[in-house]
Amino acid sequence: MKKLGNARNVLNGASVSIAAGAGAFQSFLIDKYNALSKFTDTEKAAYSNIASFFTVVAAALLLMFILRRALDSSRTFRKIFLGSDYIEGAWVDIVYDQFRQKIVGGGLLYIFLREERMTVKGETFNYDGTAGGQFLSTSSNYDDDSQKIDFVYSINLDREEISQEDGLGSYSFHSNGIRAPQAFWGYFYASGTTNRFEVYGERISAEAERQLLNAPLAERGQFVAKFIADNGHLIIPQEWR
């Protein structure tokens with residue numbers, strides 16, 4: 001994500017520049033002090049401001065540190081800073097199987113920042129809301145210009161014939177102006193297959209997200225099943241593929 005990366009570079013560069021400038025000025029002052037046998041009134045006035053100068057430097061460095069920490073630790077701060085590129089949070093989606101030409105289920109997914117990259121994690125459910133499995137992205141790349149995240153995922157399936165598979169996914173987010181995106185369209189493939197699954201998803205409100213995090217699995221499944229029933233008409237591949 002270029003916005004976050006650029007912001008980190010700016011803050012790190014500003015911190016280094018401020019610290020280097022303060023160090024150089026401190027060395028100058030020490031040399032000047034050692035060369036003087038006594039201070040004039042003007043010099044006394046100048047040196048009386050040294051403490052204030054270094055206080056300002058310390059405050060500036062502290063501010064850089066706080067902003068850097070906020071970028072990495074505060075979703076609220078990132079939401080304000082990123083605007084239309086803020087894709088973190090909880091989402092609910094519908095999955096359409098191109099090969100069978102029907103909706104086969106949906107899922108709950110959570111996008112969050114981990115080690116300076118967006119991570120996609122979630123649960124899959126069948127059409128009736130029964131559990132399907134859990135998935136986690138192992139690598140990802142978000143492009144600010146296209147508002148698209150491409151990722152490699154690993155999924156653990158609740159099926160006897162196959163327990164785990166990997167695949168590739170790509171989701172494009174759509175925002176209105178500077179607001180955070182509220183919907184996405186995309187697809188994913190399981191490794192070793194050519195069958196493409198189309199996906200349509202919507203952002204879950206913060207209140208619903210908190211409730212779902214603590215809800216039983218069956219309740220989360222029914223939430224997904226209701227979303228499929230209410231919004232299945234939106235996933236018509238030929239209209240947005």
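Two residues are taken to be in contact when heavy atoms of theirs lie within 4.5 Å. In the predicted model described here, this criterion gives Ser 84 a set of partners far from it in sequence. Leaving aside residues up to four places away in sequence, Ser 84 touches Gln 147, Ser 175, Gly 177, Ile 178, Arg 179, Ala 180 and Pro 181. Ser 84 itself lies in the loop that runs between helix 4 and strand 1. Its relative accessibility is 18%, so Ser 84 counts as buried, the limit for that class being under 20%.

The chain as a whole contains seven helices and eight strands. Of its 241 residues, 39% are buried. Among contacts with a separation of 6 or more, 49% join residues that are 24 or more positions apart. A separate example of two positions distant in sequence is given by Arg 196 and Gln 98, which are 98 residues apart along the chain and have C-alpha atoms separated by 5.8 Å. Arg 196 belongs to strand 8 and, because its relative accessible area is 19%, is classed as buried.

Helix 6 comprises the 15 residues 217–231. At 1.5 Å a residue, a helix of this length should span 21 Å, and the C-alpha atoms at its ends are indeed 21 Å apart, so the expected and modelled values agree. The buried residues of helix 6 are Arg 220, Gly 221, Val 224, Ala 225, Phe 227, Ile 228 and Asn 231. These residues cover an arc of only 160° around the axis, which means that they lie on the same side of helix 6. Their packing partners are strand 1 (89–97), strand 2 (102–114), strand 3 (117–126), strand 8 (196–203) and helix 5 (206–213). On the face turned away from this buried side, helix 6 carries the exposed residues Ala 218, Lys 226 and Ala 229.

Two loop residues were examined for their backbone angles. Most residues other than glycine have a negative phi. Gln 101, in the loop between strand 1 and strand 2, has instead a positive phi, near 55°. Gln 147 likewise has a positive phi near 55° and is placed in the loop between strand 4 (131–143) and strand 5 (148–157). The surroundings of these two residues can be set out in turn. Gln 101 has a relative accessible area of 61% and is therefore exposed. Gln 147, at 14% relative accessibility, counts as buried, and this residue is one of those touched by Ser 84.

Open space in the model was also considered. Rolling a probe the size of a water molecule over the atoms shows where empty space is left. The second largest pocket has a volume of about 210 Å³. Its lining consists of 14 residues, and those nearest the centre of the pocket are Arg 75, Lys 79, Tyr 86, Arg 203 and Ala 206. At least two lining residues come from each of helix 4 (75–82), strand 1 and helix 5. Helix 4 makes the greatest contribution to this lining, with three residues. Sorted by class, the residues lining the second largest pocket are five nonpolar, four polar and five charged. Helix 5, which supplies part of this lining, is also among the elements against which the buried residues of helix 6 pack; strand 1 likewise appears both in the lining and among those packing partners.

Conventions:
Residues numbered from 1 in each chain as written. Predicted model: local features only at pLDDT ≥ 70, side-chain atom pairs only at ≥ 80, totals over all residues. Heavy atoms only, no water. Helix = DSSP H or I, 4+ residues; strand = E, 2+ residues; numbered from the N terminus. Expected span 1.5 Å × (residues − 1). Buried < 20%, exposed > 50% of the residue type's maximum accessible area, 1.4 Å probe, protein only. Arc of directions from axis to C-beta. 1 Å grid on protein atoms, 1.4 Å probe; cavity = no way out; pocket = protein on both sides within 12 Å on 5 of 7 lines; lining within 4 Å. Points joined across faces, edges and corners; volume = space filled by probe spheres on them. Nonpolar A, V, L, I, M, F, W, Y, C, P; charged D, E, K, R; others polar.
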